[in-house]
Amino acid sequence: MQVSASSAGFTPASVAPAISYQELMRKVQLARPKEDLDLLRRAYEFSARYHSMQVRASGEPYLSHPLAVAHTLADMKLDVVCISTGLLHDVVEDTEADASVIKSHFGPEVAHLVEGLTKLSKLDFQSAEARQAENFRKMMLAMVDDVRVILVKLADRLHNMRTLEHVSPEKQERIARETMDIYAPLAHRLGMSKIRGELEDLAFRYLEPAAYQEIAKALEKKRKVNEAFLAEVAGVLDATMSKHDIPARLEARVKRVFSIHQKLRRQRITIDQVYDLLAVRIITETLKDCYAALGVIHNLWRPVPGRIKDFIAMPRPNLYQSLHTSVIHDTGVPFEVQIRTAEMHKTAELGIAAHWRYKEDGPGATKPATKDALDEDQRIAWLRQIVEWQLDVQDPGEFLSTLKVDLYPEEVYTFTPAGKVIILPRDATPVDFAYEIHTGVGHACVGAKVNGRIVPLRYHLKNGDIVEILTQQGHGPSRDWLTIVKTSKARNKIRQWINTRARQKALELGKRLLEKEARRFDVNLKKIEEAVYQTATQDYGFHKIDDLMAAVGFGKYSARQVLTKLSPQPLKEPEEPGKIVATLKQALGISSDGAIVVAGSNDLMTYRAKCCNPIRGEPIVGYITRGKGIGVHAKTCPNVENLMYEAERRIDVEWARTTEDTYPVKLIVYTDERPGMLKEVTQAISDGTNIRTIEAMVDETDHSATIELILDIADMKHLDRVLGGLKRISGVRDIERVLKL
């Protein structure tokens, strides 16, 4: 039996391997004996020269980083152009060398890849979020053109994560969050499970250190028992496979720390209840051997119902193929068995990198073989779609949030009545299915049949569902659909449809309001010169007068404000703005939240949205609601994405500098059921925190408990302290903040 390095027990997060240039050359020469290594030698010398005076936060020479990146790319057996790019990837960004120098020394291909990896750090952005969004957009556009861009970026991020202990805690958290949200899911979508798993574990270690250590200790405590169990299972399997003449290589592993954490939180169970904590992998020679091995295993041990998955017949979107089954050992211990061929195993570990093979006639030959080209196209087809759908998404927050959704794995396999497979995200609806077929079908959708029966449009599709979409000519999408769809394609198409019509209505309303106000003040709009209109438009940050009129129609600016800029004569001063606002508030029953201010104005009505109840210090966004003022939402509010379909209604808001307010926050704490738990929970949060209500419930079936609390919280720092204290309690499985009170 071959046991992988991290399989016999818990292995702490990796450390960056030291590597020399000579070792790198030997590795590349062995993998690609026909390629000219002169390019690699020149790239190393160039990188060494330009980074010679730089050091990393760890105190090591900066050159150790590009060398480590090149080492990872060489392990993937990538071409010399790609590995050379790994050596040069930071030169343009961090030294005085520019793109033209790279092109003159190494040619257009290397220069193109390096340019795709260089951040937009020299441009001015309104916020860090905008900078991050544009850098991701640039990287993904480059990746569509040449997937090696992301392979180098993933190798770069892996080494940075391995050495993250040398930077400040704030930077650790920022980089770890970015890794968890973007880079690990990207690796998954490209089928690169080995890199994805390590990135997730490293990021988890910094994002939730207490939870990481708790799982790590639990695994270490059972390490010897797990080793003995896996060795015994592997011995039985080895003998049985030989008896049935099934050639097999065996590997064993313990589930990764972050994967365990996800399962514990999602199912709110203990580590002893994880079915696939331990796993044995059988690597065979042929497809026939895979299915034969599955039959042998089910004769040896009892399978767990519902835990058999055939990813060979139905590969995942990233082309992952394997048979999975969970079985119960004679001793009552559950474990998972994965069965695949050697080719499937290589694809599962390295994903797109496993088949990225260039012709062996030098670095200039950039066209992969036909089969590999098909594999590559299939793997990044989803990326091309993401880029296409999001070209018109201007708001950086919206771009990042939808990108994070798009990067999560797709899990539901559905069928058209004709038998075509439509792969959708978990919890997708018939509306998502309709838009996946065609935008016109989505717009015209009025109902759906699933497996021959009429279902609501908010129905969650399941694996194997046969879906028939019912359409009606001239029908249009509903705004309510934005609350149920899961795919970016459906969301963006619905938004576009709504935006077009809402903007037209706002434009007409804005013009009418301006004309009405002009009549009140006896201003002739027709006599105002075009240049005056254009100046006023630019003053408000728009390019066209129609954009300004639409903003007036949406309620972002008043007609009187605009008329003041347009009128050649001063308008008679209206009633004091503050008095008007106060009168409106009284009439509408709205009390403005003094803790929130609107950027550039102090007389607009604001209120904290009840759907998310944001608290001081939480990133917030304002949304103009006709007749109510400005609703203030947390940026993480589930409704924000659905509200922002009319971008003109968005307005910048911020927390006031000083206030003594506290906010009610509801928490649900999921714990083990044991004596003293309630006492420990109250002690953990009693330090200066008022508990409004507390209620505890016990579930005897799985020895779990649920504690519901409503606390008075001053700000996000206060909430983080409370959550940190609760997470340190042994037996706390998960904590949920309930947004709607």
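Here are legends for several close-up views of a predicted model.

**Figure 1. The whole protein, before zooming in.**
Start with the overall picture of this predicted model: 27 helices and 21 strands. The protein has 741 residues, and buried ones make up 50% of them. Look at contacts between residues at least 6 apart in sequence, and 68% of those turn out to join residues at least 24 apart. On the outside, the protein exposes about 36300 Å², with carbon and sulfur atoms supplying 52% of that area.

**Figure 2. Where the model is confident and where to be careful.**
Mean pLDDT for the protein is 82, and 82% of the residues reach 70 or more. Two stretches to keep an eye on are residues 357-374 and residues 576-591. Over residues 357-374, pLDDT stays under 50, and the model has 27 contacts there beyond four places in sequence. Over residues 576-591, pLDDT also stays under 50, and here the model has twelve contacts beyond four places in sequence.

**Figure 3. Helix α27 and its surroundings.**
This view picks out α27, residues 716-727. The helix has twelve residues and runs 16 Å from its first C-alpha to its last, close to the 16 Å expected at 1.5 Å a residue. Which residues of α27 are buried? They are His718, Leu719, Val722, Leu723, Gly724, Gly725 and Leu726. The cover over these buried residues includes strand β18 (663-672), helix α26 (677-685), strand β20 (704-713) and strand β21 (732-738). At the N-terminal end of α27, look for Asp715, which caps the helix. One of its side-chain oxygens sits 3.3 Å from the backbone nitrogen of Lys717.

**Figure 4. Arg223 and its two glutamate partners.**
The model has 36 salt bridges in total, and this close-up shows two that involve Arg223. With Glu220, the Arg223 side chain makes a salt bridge at 3.0 Å, N to O. With Glu227, Arg223 makes another at 3.2 Å, N to O. Arg223 and Glu227 both belong to helix α12 (residues 223-243), where they sit four residues apart, about one turn of the helix. An α-helix has 3.6 residues a turn, so residues three or four places apart point the same way. How accessible are these side chains' residues? Arg223 is partly exposed at a relative accessible area of 25%, Glu220 is partly exposed at 36%, and Glu227 is partly exposed at 31%.

**Figure 5. A salt bridge between β20 and β18.**
Here the side chains of Glu708 and Lys666 meet in a salt bridge at 3.8 Å, N to O. The pair links distant parts of the chain: Glu708 is in strand β20 and Lys666 is in strand β18, 42 residues apart. Glu708 is partly exposed, with a relative accessible area of 23%, and Lys666 is partly exposed too, at 22%. Both strands also turn up in the Figure 3 view, where β18 and β20 are among the elements covering the buried residues of α27.

**Figure 6. A salt-bridge network.**
Which residues are linked in a network of salt bridges? In this view they are Glu208, Arg265, Arg268, Asp734 and Glu736. Asp734 and Glu736 fall within the 732-738 range of strand β21, an element that helps cover the buried residues of α27.

**Figure 7. Two aspartates with positive phi.**
Asp245 and Asp522 share a backbone quirk: each has a positive phi although neither is a glycine. For Asp245, phi is about 55 degrees. Asp245 belongs to the loop between α12 and β1 (249-254), and counts as exposed at 68% relative accessibility. For Asp522, phi is about 60 degrees. Asp522 is in the loop between α20 (488-520) and α21 (530-539), and counts as exposed at 72% relative accessibility.

**Figure 8. Gln569 and Val523.**
Gln569 is in the loop between α23 (559-566) and α24 (577-588). Is Gln569 buried or exposed? At 55% relative accessibility, Gln569 counts as exposed. Now find Val523, 46 residues away along the chain: its C-alpha atom and that of Gln569 are separated by 8.7 Å. Keep Figure 2 in mind when you look at α24 (577-588), as pLDDT stays under 50 over residues 576-591.

Methods. Residues are numbered from 1 along each chain as its sequence is written. This is a predicted model: local features need pLDDT of at least 70, side-chain atom pairs count only at pLDDT 80 or more; totals for chains, interfaces and linings use all residues. Side-chain values use heavy atoms; hydrogens and water are left out. Buried means under 20% relative accessible area, exposed over 50%, partly exposed in between (1.4 Å probe, protein chains only). Contact means heavy atoms within 4.5 Å. Accessible areas come from the Shrake-Rupley method with a 1.4 Å probe; for residues, only the protein chains shown count as cover. The expected span of a helix is 1.5 Å times one less than its number of residues. A polar contact is a pair of N or O atoms within 3.5 Å; within protein, one must be able to donate a hydrogen and the other to accept it, and residues adjacent in sequence count only if both atoms are side-chain atoms. pLDDT is the predictor's confidence in each residue, from 0 to 100. A salt bridge is a side-chain nitrogen of Lys or Arg within 4 Å of a carboxyl oxygen of Asp or Glu.
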